[in-house]
Structures are given as structure tokens and as C-alpha cells.
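I opened this notebook to keep a record of what I looked up in the structure, entry by entry.

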Amino acid sequence: VNEWSHKWLLKFNVDKCKLLQLGNSSPANYYLSSPDGFFRSLICKVTEEEDLGVWCTSDMKPSLQVQKAVTKAMQTLGMLKRSFKFLSRDLFLFLYRTYIRPHLEYCAPSWSPYLAKDIDALERVQHRATKLVKNLSALTYEDRLVSLQLQSIYCHRQCGDLIEAFKILNDFTNVQMGTAFTLNTIQFTRGHPFKLVKSRCNLELRRHFFTNRVVTQWNSLPSYV
């Protein structure tokens, strides 16, 4: 990569280059060299970095992304609470879907949490937000969702996973189906004919990765869906 950058006169800015190593092994040292090779600059090592709005960590767990998303959503919720003394049902739904829920669901298929503490942290945002609607604060969280015709954040993420899987299987994205899923060629007497093969995983992180966790939900869909 370093030689390519010098050949095409697109030199990297060392101050903006960072090394994020995945896994538990000790990261090695990497350098960017000058064209003549006399000067070498050490690339800074980091354990976390933001890429396209999603925080990646060396252990690949989504806890940091959840923390960042919850913080942004809570800040926006506080701003709305200070700005509006009265929130009707329709006004709340418009503001919530426009300014708060996008923080909780942006690129969710790539970082959907599987730890209970992270799932609860995202759900608490909606729990607190629905209390702002007039005449609903005394109801339980489940009753407020029914009254507002909202899903839980967890269920909404599951729908997002299924929609993303549908896009991949029907070639509506740039992701090739063969690189993500394998169709099950065994004929079933029940269910739909587009069932997927679920691979065996040794690591908990891999087991909850998108291409594995969505298979069970996808295979359990009724034929009409």
C-alpha cells in the first residue's frame, strides 16, 4: 500500500492513519515510509475508531456503539423536552421518528447488540421518550407502545435484519448473495422454499453476527410473508 501511494502520488497523512487490530494477539508495529525508504513514521495504535458513523473496537463488541447511540439519543430527547411543553401523539411520533430513533437504528444490522445490558440501554431511550406524550405517562411501557402503534426497539431491529436479508437474497444491494448466505437445497414439507443454511460457530461473537443470527428468524417466516 505504501509503494502504491508513492507511485500514484497519493501519499497518506500519517497523522490520520491509525492501526486497529482485531483479536487478542499483541499488535505489531506498522510504518509508513518515504519514497527513498530513509524515513519511517510509526502508525498510531488505537483500540477503537469510528468508521462511517459506526464505532469499531478491537474486540468487535457493539457496546461502545450502543453507548454512543444512547448518548446522542438522550441529548436529542432532552432538547425536545426543553423545546416543547406539550406533545400530542402525532407530534411526538413525528419528532421521535425524525430525530431520536435514527440514532438507535443507524446501520443496526452491522452492530445489533446481543448483551442484555446493551439491549436494555437502547430500550430505555424509547421507554423514557414515550412518557413525554400527554395522558400516557401513567401507562405501562407496553401499553404506551400499543397506544402509539410502536414496536419495541428490539423488534424493530429484527425487522431491519429481515429486510436487509430480503434485499441481499433478491440482489437489491451490492452484497452478493453467495458471500453472505447459502440456500438450503433440502426440500421441506413445511415453511417457505427459501430457507438458508445456518453455519456452526465456535465464538459467541460470530454466532450473533448478522449473517448467522438472521437465519433462524428468516427460516421461521410463514410462506405468505
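Where is K131 found? I placed K131 in the loop between helix 5 (116-129) and helix 6 (141-148), and I kept in mind from the outset that I was reading a predicted model.

**Entry on the positive patch**

I then looked up the surroundings of K131 on the surface, and found that K131 forms a positive surface patch together with K81, R124 and R128. The relative accessibility of K131 is 41%, so I noted K131 as partly exposed, given that partly exposed covers the range between under 20% for buried and over 50% for exposed.

**Entry on the chain as a whole**

I turned next to the overall make-up, and recorded 10 helices and six strands in the chain. The radius of gyration came out at 23 Å, well over the 17 Å that the globule rule gives for 225 residues, so I wrote the chain down as more spread out than a compact globule. The C-alpha trace spans about 70 × 55 × 30 Å along its principal axes, and I also noted that buried residues account for 33% of the 225 residues.

**Entry on the nonpolar patch**

Which residues make the nonpolar surface patch of about 600 Å²? I listed V1, W4, W8, L10 and F12 as its members. Of these I followed up F12, which sits in the loop between helix 1 (2-7) and strand 1 (18-19); with a relative accessible area of 39%, F12 is partly exposed.

**Entry on the salt bridges**

How many salt bridges does a search of the whole structure find? The search gave six, and I went through several of them individually.

I began with E49 and K18, whose side chains meet in a salt bridge at 3.4 Å, N to O. Because E49 lies in strand 5 (residues 48-51) and K18 in strand 1, the pair ties together parts that are 31 residues apart in sequence. For the accessibility of each partner, I noted that E49 is partly exposed at a relative accessible area of 29%, and that K18 is partly exposed as well, at 45%.

I then examined D161 and R213, whose side chains meet in a salt bridge at 2.8 Å, N to O. This pair links distant parts of the chain, since D161 belongs to helix 7 (residues 153-169) and R213 to helix 10 (residues 210-219), 52 residues apart. Are D161 and R213 buried or exposed? With a relative accessible area of 3%, D161 is buried, and R213, at 15% relative accessibility, also counts as buried; both values lie under the 20% limit used for that class.

I also looked up the salt bridge between R207 and E204, where the closest N and O atoms are 2.5 Å apart. Here both residues lie in helix 9 (residues 204-207), three residues apart, about one turn of the helix. R207 counts as partly exposed at 33% relative accessibility, and E204 likewise counts as partly exposed, at 43%.

**Entry on M177**

Last, I looked up M177, which I found in helix 8 (residues 177-180) and which counts as partly exposed at 27% relative accessibility. I checked M177 against L52 and recorded a separation of 125 residues in sequence and 23 Å in space, C-alpha to C-alpha.

Terms used
Residues numbered from 1 in each chain as written. Predicted model: local features only at pLDDT ≥ 70, side-chain atom pairs only at ≥ 80, totals over all residues. Heavy atoms only, no water. Patch = residues over 30% accessible without salt bridge, like charges linked within 9 Å, V, L, I, M, F, W, Y side chains within 5 Å. Areas by Shrake-Rupley, 256 points an atom, 1.4 Å probe, with all protein chains shown as cover. Salt bridge = Lys/Arg side-chain N within 4 Å of Asp/Glu carboxyl O. Lys, Arg positive; Asp, Glu negative; His and termini not counted. Charge placed at Lys NZ, Arg CZ, Asp CG, Glu CD. Helix = DSSP H or I, 4+ residues; strand = E, 2+ residues; numbered from the N terminus. Buried < 20%, exposed > 50% of the residue type's maximum accessible area, 1.4 Å probe, protein only. Rg over C-alpha atoms; globule rule 2.2 N^0.38 Å.
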